[in-house]
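Hello,

Here is the structure I said I would pass on. My notes on what was found follow below it.

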Amino acid sequence: MLTIKVKTFQELSTLELYAILQLRSEVFVVEQDCVYQDVDDKDQKALHVIGFKNNKVVAYTRIFKPGDYFKESSIGRVVVASSERKYGYGIEIMNASIYAIQEHYKETSIRISAQTYLLKFYSSLGFKKVGEEYLEDGIPHVNMIK
């Protein structure tokens, strides 16, 4: 079972921040073989949606209010540990992120920059493709709005 917490950057413990950065690096840098600057000075503005299983960070997103990243509210750095993907935690962490945007920012319009191979996944959550595919850090992406 996933326990989800939403925290500001200042509320994150050192251990939580380390675990989040470790998970992001594990998936986005190592698994996807993508060299990019993950620590981008945006974490300080974001709310962090963290999925814990047995006190271990296994799922994560960061969310932004309108104007901090895109014109709309947004969800980014969506990640689930490879060993935990079979449990549907991607859907859980995304639904929690959508809810957190509604609760914290009173917004319903959400934009994401989705990796193209996850188009079906995000579409199942109500996101619609807008615009053309583009490369971000060498990986095909597409903008989507809910």
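**Overall fold**

The protein has three helices and seven strands. Please keep in mind that this is a predicted model. Along the sequence, the helices and strands come in the order β-α-β-β-β-α-β-α-β-β.

On size, the C-alpha trace spans about 40 × 35 × 30 Å along its principal axes. The radius of gyration is 14 Å, which agrees with the value near 15 Å that a compact globule of 146 residues would have.

**Inside and surface**

Of the 146 residues, 44% are buried. If you take the contacts between residues at least 6 apart in sequence, 60% of them join residues at least 24 apart. The accessible surface comes to about 8100 Å², and carbon and sulfur atoms account for 53% of that. As for charge, the protein has 19 positive and 19 negative charges, and the mean positions of the two sets are 5 Å apart.

**One residue in detail: T61**

T61 sits in strand β3, which covers residues 56–64. Is T61 buried or exposed? Its relative accessibility is 0%, so T61 counts as buried, the cut-off for buried being under 20%.

Which residues does T61 touch, apart from its neighbours within four places in sequence? The contacts are L47, H48, V49, I75, G76, R77, V78, I93, M94 and S97. With one of these, S97, T61 also has a polar contact between side chains, at 2.6 Å.

You may want to find T61 and S97 in the viewer and look at that side-chain contact yourself.

Regards

Definitions and conventions
Residues are numbered from 1 along each chain as its sequence is written. This is a predicted model: local features need pLDDT of at least 70, side-chain atom pairs count only at pLDDT 80 or more; totals for chains, interfaces and linings use all residues. Side-chain values use heavy atoms; hydrogens and water are left out. Helices (H or I, at least four residues) and strands (E, at least two) are DSSP runs, numbered from the N terminus. Buried means under 20% relative accessible area, exposed over 50%, partly exposed in between (1.4 Å probe, protein chains only). A polar contact is a pair of N or O atoms within 3.5 Å; within protein, one must be able to donate a hydrogen and the other to accept it, and residues adjacent in sequence count only if both atoms are side-chain atoms. Contact means heavy atoms within 4.5 Å. The radius of gyration is taken over C-alpha atoms; the globule rule is 2.2 Å times the number of residues to the power 0.38. Accessible areas come from the Shrake-Rupley method with a 1.4 Å probe; for residues, only the protein chains shown count as cover. Lys and Arg count as positive and Asp and Glu as negative; His and the chain ends are not counted. The place of a charge is taken as NZ of Lys, CZ of Arg, CG of Asp or CD of Glu.
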